[in-house]
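The exercises below go from single residue pairs to the whole chain. Work each one on the structure before reading its solution.

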Amino acid sequence: MKFKVGDKVYVRAGAFNSLKEGVGYTIQKIRTDNSRYPYEISDGSQYPCLLAEEELSMVSDSFEYAALIRQWAEDRNLIEGSDSFRQLAKLTEEVGELAGAIAKGNKEGIKDGIGDAFVVLTILAAQQGFSVEDCIAAAYNEIKDRKGRMVDGVFIKEEAS
Ligand SMILES: [Mg+2]
C-alpha cells in the first residue's frame with residue numbers, strides 16, 4: 001500500500017467519473033479486500049469513489065500551495081482580469097528583487113523572491129490555460145534523463161547523438 005488514510009493525493013484525469021483531476025483530495029478509507037481500487041475518496045456525495053494506486057499521486061506541499069494560490073488569484077480576478085504581459089512585468093520585478101537579495105546575501109529576501117516568483121508563475125500559467133504543476137511535470141520529464149557535465153558551475157547538456 002503506497003498511501004495511508006489521511007494522505008493528500010492528486011487524482012489523475014479520467015480516474016473516476018465524478019472526480020475532477022487535481023489536488024484537494026484526501027484518502028478517507030482503504031479497503032482490504034484485495035481490490036484493484038482500494039482507496040476511498042469522497043466527491044461530496046454519499047457514495048465513495050474508489051481509486052487504484054496508479055490513479056493517484058502524493059501531493060507535495062508545493063502542489064497544494066499552487067492550488068491555494070490559484071484560488072487566491074481567482075478570488076481577486078487576477079487570472080481573467082489581468083493579462084500575461086502584466087504578470088511578466090511582475091515576474092521581472094520579483095526576479096529583480098531576488099537578484100538584489102542574492103547580491104546582498106540576504107537569505108530572507110532570497111526566500112521571499114523565490115516564493116513571489118512562484119506565485120506570479122502560477123498566475124501566468126493559469127492565464128495561459130495551464131496549471132503550474134503540469135508545467136513543472138513537463139519540465140521535469142524533459143530533464144530527468146538528461147546527461148551532461150558541470151563546467152565552471154554551468155551544466156552543459158550532452159547533445160543527443
Ligand atoms: Mg516581492
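**Exercise 1.** Find the residue that stands opposite Y10 in β6.

*Solution.* Y10 stands opposite S57 in β6. The model is a predicted one, in which local features need pLDDT of at least 70, side-chain atom pairs count only at pLDDT 80 or more, and totals for chains, interfaces and linings use all residues. Residue numbers start from 1 along each chain as its sequence is written. Strands are DSSP runs of E with at least two residues, helices are runs of H or I with at least four, and both are numbered from the N terminus. Two strands pair if DSSP finds at least two bridges between them. β1 and β6 pass this test with 3 bridges, in the antiparallel sense.

**Exercise 2.** Work out the strand order of the sheet that contains β1, and name its edge strands.

*Solution.* Start from β1 (residues 8-11), which pairs with β2 in the antiparallel sense over 3 bridges. Here K8 has T26 of β2 as its bridge partner, and V9 stands opposite Y25. Add the β1 and β6 pairing, also antiparallel. The result is an open sheet of 3 strands in the order β2-β1-β6. Its edge strands, each pairing on one side only, are β2 (22-26) and β6 (56-58). Neighbouring strands of this sheet are turned by 45° against each other on average, direction ignored; the axes are lines fitted to C-alpha atoms.

**Exercise 3.** Do the same for the sheet that contains β4.

*Solution.* β4 (residues 39-42) and β5 pair over 4 bridges in the antiparallel sense. Within this pair, S42 stands opposite P48. The complete order is β3-β4-β5, an open antiparallel sheet of 3 strands. β3 (29-30) and β5 (48-51) form the edges.

**Exercise 4.** Describe the overall layout: which elements occur, and is the protein compact or spread out?

*Solution.* First count the elements: 4 helices and 8 strands. From the N terminus they run β-β-β-β-β-β-α-α-α-α-β-β. Next compare sizes: the radius of gyration, taken over C-alpha atoms, is 20 Å, well over the 15 Å from the globule rule (2.2 Å times the number of residues to the power 0.38) for 161 residues, so the protein is more spread out than a compact globule. The C-alpha trace spans about 60 × 45 × 30 Å along its principal axes. Finally, divide the chain: an automatic or database assignment gives domain 1 (8-58) and domain 2 (62-150). Their centres, over C-alpha atoms, are separated by 29 Å.

Methods
Axes are lines fitted to C-alpha atoms, for helices over the stretch in contact, and angles run from 0 to 180 degrees between N-to-C directions.
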